[in-house]
Amino acid sequence: ECNLGCSCVYANRNIDEGEELILSFGDVSPTGFVAKYGHLPPDFLDHPNIMCDVSLWTPPEFIPSEPLRVECLEKSNYPLEKLRELPLVNLQHLGENLELYRQGYDESEMIKSMRQYLVLAVLADEFELDRNLNTGRLRGPLYESKVMLVMCRVVDHNIKLLSGGATVASAEDAERASRPETPAWERSCLLARAAYRECLLAWRFAFARRGEEAARNPLSSMFAGMIGGTMGDGDEDCAVHDAKNALNGCRVCGRSYPAKRCARCGEVKYCSRGHQVQDWKEHKIECRGRR
């Protein structure tokens with residue numbers, strides 16, 4: 001039993017009665033906090049840059065059986081026989097800086113590996129697969145906008161897995177956790193699940209934003225008609241834009257909870273005051289137009 005109702009602090013000096021103490025738990029994710037301390041304060045979810053270690057499992061339809069795709073993936077050391085039992089990638093909050101990724105900085109090796117897998121498993125046409133098999137090279141930038149949309153679908157799959165296939169919102173988990181009759185262990189689990197879900201949504205939003213930017217790139221548009229795959233040749237810009245806005249979350253990070261609206265226009269959502277202030281330079285013009 002780790003959900004104790006008390007804590008103990010070791011100090012190397014006397015602590016006076018009424019003295020205020022600031023306790024630092026270190027750089028720990030919400031799920032890591034629950035595992036270590038058996039409890040999760042509700043205000044953990046209020047931080048604008050909340051992060052969890054997340055594992056992204058491959059949707060069954062993205063594990064190919066076509067011989068050419070399988071051969072390319074096996075040559076690139078992707079263990080297809082294990083992807084039904086193991087995650088495709090593990091994104092750790094200390095090693096994967098979501099904020100920098102959202103600002104357009106270079107991808108981590110984990111994200112590059114995920115992107116390469118999805119291009120080979122889902123998007124690449126026969127010509128590209130043959131080229132990869134013979135040269136070991138992959139023209140990843142040609143697929144950038146499309147692969148980001150596929151990455152959004154991977155995140156959607158994992159959000160469903162988190163709730164056993166049911167549609168459950170973080171606001172529902174938080175409301176259930178606030179009920180007096182909810183046991184302490186269940187309350188912590190519900191809040192941890194909400195934090196994990198919000199982290200997935202933030203990654204989804206970042207992937208969609210990258211895809212939207214790639215779709216607007218003139219070079220990406222020029223080569224879009226040269227590539228095949230299963231996503232079709234529709235309007236990529238609209239498709240990625242829809243992927244980013246489908247969940248209608250925070251305008252800065254994509255989170256769905258907490259959900260606060262701009263007090264002036266009442267339309268744009270933010271997860272925190274910090275993200276509202278960060279976005280005000282861009283939002284203030286349209287905000288005044290909506291009043």
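Here are some notes on the aromatic pairs, the nonpolar cores and helix H1 of this predicted model.

1. Let's start with the rings. The structure holds five aromatic pairs. One of them joins Phe33 and Phe44 in a tilted arrangement, with 5.0 Å from centre to centre and 50 degrees between the planes. Phe33 belongs to helix H1 (residues 30-37), while Phe44 sits in the loop between H1 and strand E1 (54-56), so this pair ties together parts that are 11 residues apart in sequence. The two partners are worth a look for their surroundings too: Phe33 counts as buried at 3% relative accessibility, whereas Phe44, at 23%, counts as partly exposed.

2. Next, please turn to Tyr101 and Phe207. Their rings pair edge-to-face, at 5.9 Å centre to centre and 85 degrees between the planes. This pair links distant parts of the chain, with Tyr101 in helix H3 (residues 98-102) and Phe207 in helix H8 (residues 184-216), 106 residues apart. Tyr101 is buried, with a relative accessible area of 3%, and Phe207 is buried at 0%.

3. Tyr101 has further company. Ring pairs join Tyr101, Trp203 and Phe207 into a cluster. In addition, the charged end of Arg210 sits over the ring of Tyr101, 4.1 Å from the ring centre.

4. Trp203 and Phe207 turn up again in the largest nonpolar core, which has 59 residues; both are among those with the most contacts inside it, along with Val54, Leu56, Met114, Tyr117 and Leu118. H8 gives the most to this core, contributing 14 residues. In soluble globular proteins, nonpolar side chains tend to be buried together.

5. Val54 is a nice residue to inspect by itself. Leaving aside neighbours within four places in sequence, Val54 is in contact with Val89, Asn90, Leu91, Tyr196, Cys199, Leu200 and Trp203. There is also a second, separate core of nine residues, which includes Val252, Cys262, Val268 and Cys287.

6. Finally, back to H1. Which residues of H1 are buried? They are Pro30, Phe33 and Val34. These residues cover an arc of only 100 degrees around the axis, so they lie on the same side of H1. An α-helix has 3.6 residues a turn, so residues three or four places apart point the same way. H8 is included in what covers the buried residues of H1. The face of H1 turned away from its buried side carries the exposed residues Ala35 and Lys36. After H1 comes Gly38, with a positive phi near 70 degrees.

How values were computed: Residues numbered from 1 in each chain as written. Predicted model: local features only at pLDDT ≥ 70, side-chain atom pairs only at ≥ 80, totals over all residues. Heavy atoms only, no water. Phe/Tyr/Trp six-rings, centres within 6.5 Å; stacked < 30°, edge-to-face > 60°. Helix = DSSP H or I, 4+ residues; strand = E, 2+ residues; numbered from the N terminus. Buried < 20%, exposed > 50% of the residue type's maximum accessible area, 1.4 Å probe, protein only. Lys NZ or Arg CZ within 6 Å of the ring centre and 35° of its normal. Core = buried A, V, L, I, M, F, W, Y, C linked by side-chain atoms within 4.5 Å. Contact = heavy atoms within 4.5 Å. Arc of directions from axis to C-beta.
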